[in-house]
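Take a moment to turn the model around and get your bearings. Then let's walk through it together, one piece at a time.

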Amino acid sequence: MVIILLGPPGVGKGTQAVRLAEELYAAHVSTGDLLRAARREGTELGQKAQAYMDAGDLVPDELILGLVREHLAGIEPGTAVLFDGFPRTTAQADGLGGVLGELGRRVDGVILFEAPDETLVKRLSGRRSCPDCGAVYNVYYNPPGAEDTCDRCGGSLVHRADDAPDTVTRRLEVYRDQTAPLVAHYDGQAAPLVRVRADRAVDDVYADFREAVEGVR
Ligand code: AP5
């Protein structure tokens, strides 16, 4: 099973994907997480991606497709895959189709998470992440037990630089211009596109997400 989680920054794709991946023993492929790891490791890709990410712009398609191709090669054949934050352009969607075709796989479903901009902005302003173990918190909705400290590993939590207000505004613009057209792109294809209202509590969103995934499996 190959599922794409589509939706704007801060809508909760990562939160939902982590939970479903644990339940289904699926591979969670987040291009944002892979890029942040490349930056921490100081790889050539990480260095090339840095300026785009800091500005809230998309990293060029060819870099992303190379990254995804390489990452997929390391995943056991037949493992369920949840793509989070990828594809983000029609060129990436076409590239993904090609890579999956080479592996004898295809996209089975697209889940579109939707929430108003005010919700996204508040969630991103309150997000805190652990760079050590990847845990994600929110000072408004899901605060850590001790301020700025990860409950899971004790690491120091950070507010992502691209969650600063001006960069969030840019990321929302980029989503509308370059990623939202994927809704029409996938709506016309064989794999179903299912909409999930994401401006609700995490458990309620998850219940609908789970049901949507069951429907396309
Ligand atoms: P990326 O890291 O992918 O960012 P994004 O898609 O903008 O998504 P986010 O991680 O901001 O949000 P999310 O939807 O996962 O929300 P989350 O679950 O964390 O990309 C970063 C950058 O990398 C891009 O700008 C670009 O430069 C580059 N990039 C990445 N992929 C690329 C690609 N394919 N092509 C080109 N460039 C690429 O939740 C947000 C907050 O809300 C958290 O605090 C969470 O705890 C909270 N929350 C979640 N759900 C709920 C809920 N239901 N109720 C209350 N709070 C909630």
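Helix H2 covers residues 31–41, and its buried residues are Thr31, Gly32, Leu35, Ala37 and Ala38. Keep in mind as you look that this is a predicted model. What sits over those buried H2 residues? The cover includes strand E2, helix H3 (44–55), helix H4 (61–73) and strand E3 (81–84). Just past the end of H2 you'll meet Gly42, whose phi is positive, at about 70°.

Now step back along the chain to Tyr25, in the loop that runs between helix H1 (13–24) and strand E2 (27–30). Is Tyr25 buried or exposed? Its relative accessibility is 71%, and a residue over 50% is called exposed, so Tyr25 falls in that class. Its backbone is worth a look too: phi of Tyr25 is near 55°, a positive value in a residue that isn't glycine. And here's a nice bit of folding to trace: Tyr25 and Thr79 are 54 residues apart in sequence, yet their C-alpha atoms are 8.0 Å apart in space.

Moving on, find the loop between E3 and helix H5 (90–102), where Pro87 sits. The peptide bond leading from Phe86 into Pro87 is cis, with omega near -5°.

Next stop, helix H6, residues 117–126. Its buried residues are Thr119, Leu120, Arg123, Leu124 and Gly126. Look down the axis of H6 and you'll see these buried residues fall within an arc of 165°, so they line one face of the helix. There's a general reason behind patterns of this kind: an α-helix has 3.6 residues a turn, so residues three or four places apart point the same way. And what do the buried residues of H6 pack against? Their partners are strand E5 (127–129), strand E6 (136–138) and helix H7 (165–179).

Between E6 and H7 there's a loop, and two aspartates in it make a good pair to visit. Asp148 lies in this loop, and at 38% relative accessibility it counts as partly exposed. Phi of Asp148 is near 60°, again a positive value in a residue other than glycine. Asp162 also has its place in the loop between E6 and H7. This one is buried, because its relative accessible area is 13% and the cut-off for buried is under 20%. Which residues does Asp162 touch, once you set aside its neighbours within four places in sequence? They are Met53, Thr167, Val168 and Arg171. Asn138, on the other hand, is 24 residues from Asp162 in sequence and 15 Å away in space, C-alpha to C-alpha.

Now zoom out to the whole chain. Its secondary structure adds up to nine helices and seven strands. The C-alpha trace spans about 45 × 40 × 35 Å along its principal axes. How does that fit with a compact globule? For 217 residues, such a globule would have a radius of gyration near 17 Å, and the chain's value of 17 Å agrees. Buried residues make up 47% of the 217. Of the contacts with a separation of 6 or more, 70% are between residues 24 or more positions apart.

Finally, the outside. The chain exposes about 10,700 Å², and carbon and sulfur atoms supply 49% of that. As for charge, there are 24 positive and 34 negative ones, and their mean positions are 1 Å apart.

Note on methods
Residues are numbered from 1 along each chain as its sequence is written. This is a predicted model: local features need pLDDT of at least 70, side-chain atom pairs count only at pLDDT 80 or more; totals for chains, interfaces and linings use all residues. Side-chain values use heavy atoms; hydrogens and water are left out. Helices (H or I, at least four residues) and strands (E, at least two) are DSSP runs, numbered from the N terminus. The radius of gyration is taken over C-alpha atoms; the globule rule is 2.2 Å times the number of residues to the power 0.38. Buried means under 20% relative accessible area, exposed over 50%, partly exposed in between (1.4 Å probe, protein chains only). Contact means heavy atoms within 4.5 Å. Accessible areas come from the Shrake-Rupley method with a 1.4 Å probe; for residues, only the protein chains shown count as cover. Lys and Arg count as positive and Asp and Glu as negative; His and the chain ends are not counted. The place of a charge is taken as NZ of Lys, CZ of Arg, CG of Asp or CD of Glu. The arc is that of the directions from the helix axis to the C-beta atoms.
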